[in-house]
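Let's take a walk through this model, from its surface to the space inside. Have the coordinates open as you read.

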Amino acid sequence: QVQLVESGGGLVQPGGSLRLSCAASGSFFSLYTMNWYREAPGKQRELAATIYSSGTTNYSDSVKGRFTISRDNAKKTVYLQMNSLKPEDTAVYYCNRGYLGGFWGQGTQVTVSS
């Protein structure tokens, strides 16, 4: 069974940075596409960033240019570096494998506020 465990969330001021980590269990991590979703209060869960097995990345318009997704296959870990954070980035961030029907972590809260 696959387990995904996020860490790195917290409270940060606008303009600040955070790095989220997601440690995965299971085999063949390097072969899977990994995603970061986020869910803000009162809003639908949004796909924020994707990294394919090739290393190619994709971002939503709302985070493009500010967030960077990366992976370390040896550590079975995917990261989300978040820079120039805005209050509207406040959300629970979820690590995911397999998109909406796949595996999810427990989520980590990111709050951007002065």
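Leucine 47 is a good place to start: its relative accessible area is 31%, so it counts as partly exposed (buried is under 20%, exposed over 50%, partly exposed in between, with a 1.4 Å probe and protein chains only). You'll find leucine 47 in strand S5, residues 46-51 (a strand is a DSSP run of E with at least two residues, numbered from the N terminus). Leu47 also joins Tyr52, Tyr99 and Leu100 in a nonpolar surface patch with about 360 Å² of accessible area together.

A quick note on the ground rules: this is a predicted model, where local features need pLDDT of at least 70, side-chain atom pairs count only at pLDDT 80 or more, and totals for chains, interfaces and linings use all residues. Residues are numbered from 1 along each chain as its sequence is written, and side-chain values use heavy atoms, leaving out hydrogens and water.

Now for the charges. There are five salt bridges, each a side-chain nitrogen of Lys or Arg within 4 Å of a carboxyl oxygen of Asp or Glu. Glutamate 46 pairs with arginine 38 at 2.8 Å, N to O. Arginine 38 is buried at 7% relative accessible area, while glutamate 46 is partly exposed at 27%. Both belong to a salt-bridge network that also takes in Arg66 and Asp89.

Elsewhere, glutamate 39 meets arginine 45, again at 2.8 Å, N to O. Lysine 64 bridges to aspartate 61, with the closest N and O atoms 3.4 Å apart; here aspartate 61 is exposed at 69% relative accessibility and lysine 64 partly exposed at 49%.

Technical notes:
Patches are made of residues with over 30% relative accessible area and no salt bridge: like charges are joined within 9 Å, nonpolar side chains (Val, Leu, Ile, Met, Phe, Trp, Tyr) within 5 Å. Accessible areas come from the Shrake-Rupley method with a 1.4 Å probe; for residues, only the protein chains shown count as cover. Helices (H or I, at least four residues) and strands (E, at least two) are DSSP runs, numbered from the N terminus.
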